[in-house]
Amino acid sequence: LDKNDMIMAQYREQAALRYRGYTLEQFMNQMFSNELDPAKGRQMPIHYGSKALNYMTISSPLATQIPQATGYAYGQKIKHVDKDTNTLSSQIDNITMCYFGEGAASEGDFHAGLNMAAVLKAPVIFFARNNGYAISTPAEEQFAGDGIASRGVGYGIKTIRVDGTDALAVYAATKKAREICTMTGEPILVESIAYRVGAHSTSDDPSGYRTREEEEKWQANDPILRMKNWMLAQKWWDEEQEKSLFEELREKILAAVKVSEKINKPHIDTLITDVYDVPSTQLKAQLEQVKAHVNKYPEAYPFTAGKF
């Protein structure tokens with residue numbers, strides 16, 4: 001992607017944001033919801049966003065970013081359309097990349113977003129991560145068709161299915177998809193097939209809905225291990241570099257945690273900022289009520305009580 005392409009992510013695209021320059025400190029500030037968190041503590045952890053890096057803030061509800069991506073991409077296209085002929089007057093500079101899982105593809109927003117993109121011919125790459133499970137629901141219980149790719153064909157969208165465990169294949173597929181988007185102004189659907197070996201989240205226990213044998217069958221296709229082994233074979237990497245890198249990153253992450261967890265929480269006044277240009281009289285009155293309540297029960301609000 002180009003650095004000015006818009007990314008609309010779900011929950012598993014931290015690497016894309018890190019690649020664009022988001023720092024470990026910024027990640028930690030967001031997760032600890034401290035006063036340096038750009039969202040001022042209003043978002044759930046890992047719901048990152050960065051206007052400077054063209055990375056739309058992540059939303060909790062599943063699939064909301066899909067129709068949003070269509071709208072944003074259509075806006076990117078309009079400036080390149082000749083008003084008299086209604087055709088592209090020049091190649092499109094930037095496109096929108098929209099990530100989501102196969103579970104999100106079961107939401108209504110998926111169908112609305114793809115249909116709009118197909119009809120409007122919006123330059124958006126819909127990147128579906130089909131990892132076999134929407135939390136605990138296996139793919140075969142989500143849909144009867146052939147994965148997600150067949151839906152793109154049904155909507156009249158050019159579609160690519162790629163081995164998601166092959167990093168180079170995914171890179172090539174994405175590069176080709178972007179090329180098509182910029183040249184034609186049309187959407188592309190990419191379905192990446194890569195089994196989720198790990199748990200859905202830290203609160204998930206996969207043993208409740210699948211067997212250890214099933215997991216072990218797929219572990220050899222771990223995409224990171226596969227890329228590592230290929231790099232070892234090319235003699236571009238070695239085990240000592242691997243160990244050194246992991247230790248270095250571990251130390252940096254722990255150091256960032258120690259700093260961020262000690263930074264103060266956002267001031268309570270920020271509760272009413274960013275709603276209107278100037279906070280209304282009603283909001284100001286409500287804020288004073290909240291402050292009075294917090295000071296009345298300081299044991300319930302250890303981070304803020306006694307500061308007003």
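Helices (H or I, at least four residues) and strands (E, at least two) are DSSP runs, numbered from the N terminus. The model is predicted: local features need pLDDT of at least 70, side-chain atom pairs count only at pLDDT 80 or more, and totals for chains, interfaces and linings use all residues. Residues are numbered from 1 along each chain as its sequence is written, and side-chain values use heavy atoms, with hydrogens and water left out.

**Exercise 1. Place aspartate 5 and describe its surroundings.**

Step 1. Aspartate 5 sits in the segment before strand 1.

Step 2. Buried means under 20% relative accessible area, exposed over 50%, and partly exposed in between (1.4 Å probe, protein chains only). Aspartate 5 has 0% relative accessibility, so it counts as buried.

Step 3. A contact means heavy atoms within 4.5 Å. Leaving aside residues up to four places away in sequence, aspartate 5 touches Arg20, Asn54, Asp93, Asn94, Ile95 and Arg178.

Step 4. A polar contact is a pair of N or O atoms within 3.5 Å; within protein, one must be able to donate a hydrogen and the other to accept it, and residues adjacent in sequence count only if both atoms are side-chain atoms. The side chains of aspartate 5 and asparagine 94 make such a contact, at 2.8 Å.

**Exercise 2. Give the strand order of the open sheet and find its edges.**

Step 1. Two strands pair if DSSP finds at least two bridges between them. Six strands form the open sheet, in the order 2-1-5-6-10-9, and the pairing is parallel.

Step 2. Strand 2 (55-56) and strand 9 (158-163) each have a single partner strand, so one side of each has no neighbour in the sheet and they stand at the edges.

Step 3. Inside this order, strand 5 (residues 96-101) and strand 6 (residues 124-130) pair in the parallel sense over six bridges. Tyrosine 99 has phenylalanine 127, in strand 6, as its bridge partner.

Step 4. Helix 3 (residues 65-78) lies across strand 1 (6-8), strand 2, strand 5 and strand 6. Helix 3 runs at about 170° to strand 5, where axes are lines fitted to C-alpha atoms, for helices over the stretch in contact, and angles run from 0 to 180 degrees between N-to-C directions.

**Exercise 3. Check the span of helix 10 and sort its residues into buried and exposed.**

Step 1. The expected span of a helix is 1.5 Å times one less than its number of residues. For the 16 residues of helix 10 (residues 281-296) this gives 22 Å, which agrees with the 23 Å between its end C-alpha atoms.

Step 2. Leu283, Leu287, Lys291 and Val294 of helix 10 are buried. They cover an arc of only 80° around the axis, which puts them on the same side of helix 10; the arc is that of the directions from the helix axis to the C-beta atoms.

Step 3. Thr281, Gln282, Gln289 and Lys296 are exposed, on the other side of helix 10.

**Exercise 4. For alanine 63 and lysine 235, state the phi value, the location and the exposure.**

Step 1. Alanine 63 is not a glycine, yet its phi is positive, at about 75°. Alanine 63 belongs to the loop between strand 2 and helix 3, and with a relative accessible area of 0% it is buried.

Step 2. Lysine 235 also has a positive phi, near 60°. Lysine 235 lies in the loop between helix 8 (223-233) and helix 9 (239-260), and is exposed, with a relative accessible area of 73%.
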